[in-house]
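Reader: I'd like to go through this structure and ask how each label is earned. Could we set every value against its definition as we go?

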Amino acid sequence: MFINGIEKKEKNKYFVSMFKAGDVVKILIPNVVNAGYDYRLTAPANLGNFVRVSVMNRPYIGVVFGIGDSGLKADKIKNTIDVFPEKLSINDLQWIQKMSDWTLMTPGAVLRLIVNIPDAFSPPRVEQLYNYSADSSIRMTEARQAVADAFSSNDNEAMSISDIQNIANVGSAVVRGMIQRGVLVPSDVRVRETDFSQYEYKDMGNVQLNEEQAAAASEICDSIDKGGFSAYLLDGITGSGKTQVYFDAAWRAYSRGASVLLMMPEIALTAQFMSRYEQRFGAKPVVWHSNLTAARRREIWRGVLRGDIRMVVGTRSALFLPWQNLGLIVVDEEHDSSYKQEDMGNYHARDMAVLRAKISGFPIVLASATPSAETLQNVSDGKYVRLCLKSRFGGASLPTIETIDMRENRPEQYALQGDSDDTPPQVGYLSPILCDAIRETICAGHQVMLFINRRGFAPIVQCKKCGWVAQCPDCSVGMTYHKQLGKLLCHMCGRTSVMPEKCPVCGDAVSCRGAGLEKIQEEVNIRFPSARTALVSSDTIMSRQALERLVGKMESGDIDIVIGTQILAKGHHFPNLTLVGVVDADMGLFGTDFRAAEHTFQQLFQVAGRAGRGDAPGKVLLQTYQPDHPVLRAICNSDRDDFMATDMAARRSAKMPPYGQLIAVVVEASKENVLKKFCAELSASAPVASSVKIMGPIAAQIYQVRNWYRMRFLVAGDAKAMLQPLVKHWMNKVRVPANVRVKVDVNPQNFM
């Protein structure tokens with residue numbers, strides 16, 4: 001029997017024959033609608049060979065995926081245009097198929113994640129490039145600094161105008177102005193191929209692991225030597241030195257000739273990671289993320305395909321590089337929700353990395369101080385091996401963690417600077433206990449971090465007289481006031497509008513309610529006028545270089561109080577930071593998501609782990625109106641395992657993941673009547689199966705996004721239910737109109 005060109009024989013062994021010129025084969029095209037089209041080969045090829053073909057007169061790079069089976073007449077079958085010597089392995093083809101089966105993406109949609117460089121097999125394009133001249137005396141606005149950061153993030157290589165605009169996220173006027181002023185200088189007109197010999201590594205031998213680290217590294221390295229699939233949870237408290245453990249494993253795999261992928265949830269994590277990497281391996285890492293130029297992406301992609309690049313640090317999309325002889329994957333901060341992709345298909349990069357390692361037969365390491373429930377369950381089931389690091393590296397002690405009961409310690413009011421005497425005082429958000437701790441910390445010469453996971457100045461702009469609220473006209477969400485921008489901003493679609501001076505309905509004054517990090521900075525600046533403060537969020541840190549500048553200021557002592565969102569929770573090491581204050585520890589406790597408690601615990605525990613990583617002891621203060629909440633008690637008592645056991649017991653009784661399965665079917669349409677009509681058809685054709693429950697349709701929690709209306713179904717089943725075939729059959733029973741989009745999300749993370 002042939003399955004996608006692979007003849008399955010006894011004992012699950014596969015035999016693959018080479019195809020001859022003139023053979024009709026199935027070519028998988030990287031688009032979302034196909035599972036392969038028949039073409040006639042113009043040259044010999046193996047399964048997995050890259051080929052150039054034409055679909056409706058549009059060129060594509062596809063792969064030979066199997067034997068042709070369309071039954072078309074010979075004169076209806078097109079010829080391949082080119083057959084390239086480069087190829088994907090049989091294991092990669094199996095991974096594409098199994099990922100398709102699991103996520104319900106088409107195989108072509110999965111291949112699109114891999115073949116995402118349109119001109120990967122074309123000669124470098126000829127175009128005008130520009131270099132950045134740092135010698136210019138031009139005044140550096142925020143937009144111009146973003147352009148400078150774009151060059152820095154790409155090793156100061158020459159870039160085209162389109163790349164500069166895309167990476168820096170600036171308009172053409174900014175780029176043209178910098179060209180006219182001589183800041184951007186014309187350079188070569190041809191994109192050159194990079195010599196990747198500079199990325200050859202060696203172990204510098206400058207790190208001495210402690211006993212716990214050495215034991216964990218030894219077990220992973222032994223597995224690499226033996227070969228075969230194995231999965232490890234590197235479970236270490238914050239500051240325990242997990243990075244150096246998986247560096248040891250990375251070197252073992254690399255030195256044996258294998259390729260290594262080190263995955264990060266966000267590229268911002270590499271700000272301090274880069275220097276550790278270079279110190280350990282003697283050269284900078286190859287970094288893969290979405291903020292690279294088209295030329296740089298092409299060069300890295302081709303370098304990985306040719307085997308010239310064998311170690312990459314990257315975000316989730318690095319998993320889909322055309323790896324040759326991949327021998328180890330490390331998923332750092334494996335619990336992080338950033339690994340869940342929801343744009344170009346729905347998949348979880350951590351889970352797909354495990355699948356890839358299992359099919360190809362090599363080890364994978366999942367590292368975290370707060371492992372996900374799914375990973376802990378796999379440890380409990382014996383599928384993963386748990387390696388524990390229980391002490392901080394270098395002898396640093398864990399911080400003390402306490403709650404501040406805001407019912408008894410209400411913040412004092414304060415007056416805005418420069419306001420008239422009749423301006424009412426502002427309601428504060430920092431309790432007297434937290435303010436005293438901040439004052440003591442600064443006086444002692446140490447640094448403070450204040451955490452609030454809410455961007456902007458105020459999340460609600462409202463008229464107190466008539467109740468009008470500033471809402472996005474394109475989305476079912478309120479607009480957030482960003483004081484630094486002087487505008488209202490929708491955090492769903494990015495739409496901006498002017499902050500109204502008066503209510504557009506009744507003409508009365510509008511007020512700002514709630515607090516974002518800009519509001520907290522305002523209060524901090526008034527209460528501690530001599531303190532040097534900095535904001536850290538996706539609005540203020542637009543590039544890795546901007547984050548590195550902030551890290552540099554923290555390390556040099558130029559910042560006393562850093563105020564930020566979840567960007568601060570991940571991976572940063574500030575030795576002089578001794579106090580962490582969480583402004584609103586209750587923010588995520590009462591969400592509708594069954595993972596709300598787990599995610600809140602992970603986030604707050606990671607934030608708390610930033611304190612006391614140097615010689616001085618650390619302290620963490622959690623402001624809360626729920627001091628007896630199980631999540632907060634667990635954090636204060638460092639009872640992670642007990643908390644997770646309790647949380648998972650509740651999930652077991654409710655048959656929620658990892659003890660059950662969920663598949664969300666989200667239907668979107670530009671017109672409400674079309675949406676409701678199609679959902680009615682979908683509901684009428686819903687299958688009936690034992691141990692499977694289909695709920696909906698109901699309006700999505702955020703009903704309108706970018707002028708598209710949304711409804712959702714939820715398919716639930718027990719852990720052994722085969723939900724994917726059922727949902728696939730269901731979706732195939734109905735014809736989706738052109739103005740309707742259907743998204744299938746297996747084990748969804750987002751219920752909005």
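Reader: Why is Arg407 called partly exposed?

Author: Arg407 has a relative accessible area of 47%. Buried means under 20%, exposed means over 50%, and partly exposed is what lies in between, with a 1.4 Å probe and protein chains only. Therefore 47% makes Arg407 partly exposed. The areas themselves come from the Shrake-Rupley method with that 1.4 Å probe, and only the protein chains shown count as cover for residues.

Reader: And what sort of model are we reading these numbers from?

Author: This is a predicted model, in which local features need pLDDT of at least 70 and side-chain atom pairs count only at pLDDT 80 or more, whereas totals for chains, interfaces and linings use all residues. Residues are numbered from 1 along each chain as its sequence is written, and side-chain values use heavy atoms, leaving out hydrogens and water.

Reader: What makes Asp405 and Arg407 a salt bridge?

Author: The term asks for a side-chain nitrogen of Lys or Arg within 4 Å of a carboxyl oxygen of Asp or Glu. The closest N and O atoms of Asp405 and Arg407 are 2.9 Å apart, so the pair qualifies. Elsewhere, salt bridges that share partners join Asp235, Arg386, Arg640 and Asp641 into one network.

Reader: Is Asp405 itself buried or exposed?

Author: Asp405 is buried, because its relative accessibility is 14%.

Reader: How do you know that Arg386 and Asp235 are linked directly?

Author: Their side chains meet in a salt bridge with an N to O distance of 2.8 Å. The two residues belong to distant parts of the chain, 151 residues apart: Arg386 is in strand E20 (residues 385-389) and Asp235 is in strand E12 (residues 230-236). As for the labels, strands (E, at least two residues) and helices (H or I, at least four) are DSSP runs numbered from the N terminus. Arg386 is partly exposed at 31%, whereas Asp235 is buried at 6%. The structure holds 31 salt bridges; one of them joins Arg306 and Asp308, at 2.9 Å from N to O. Arg306, at 37%, is partly exposed, and Asp308, at 41%, is partly exposed too.

Reader: Now for strand E34: why is it called largely enclosed?

Author: Ten of the eleven residues of E34 (residues 708-718) are buried, so the rest of the structure largely encloses the strand.

Reader: How do you know that E34 is paired with E32?

Author: Two strands pair if DSSP finds at least two bridges between them. E32 (residues 660-669) and E34 are joined by ten bridges and run antiparallel, so they pass the cut-off. In this pairing, Val665 has Phe713 in E34 as its bridge partner. E33 (residues 692-705) also runs antiparallel to E34, with eight bridges, and there Ile694 stands opposite Val715.

Reader: What makes Val665 count as buried?

Author: Its relative accessibility is 0%, so Val665 counts as buried. Its place is in strand E32. Contact means heavy atoms within 4.5 Å, and beyond residues up to four places away in sequence, Val665 touches several others, including Leu682, Met711, Phe713, Trp730 and Val742.

Reader: What is notable about phi at Arg706?

Author: Arg706 is a residue other than glycine, yet its phi is positive, near 55°. Arg706 lies in the loop between E33 and E34, and the hairpin of these strands has two residues between them. Asn57, in the loop between strand E6 (49-55) and strand E7 (58-67), also has a positive phi, about 65°. Asn57 is exposed, because its relative accessible area is 74%. Most residues other than glycine have a negative phi, and most peptide bonds are trans.

Reader: Which bond joins Pro657 and Pro658?

Author: A cis peptide bond with omega about 10° joins them. Pro658 is in the loop between helix H17 (640-654) and E32. The bond from Gly696 to Pro697 is cis as well, with omega near 10°, and Pro697 is found in strand E33.
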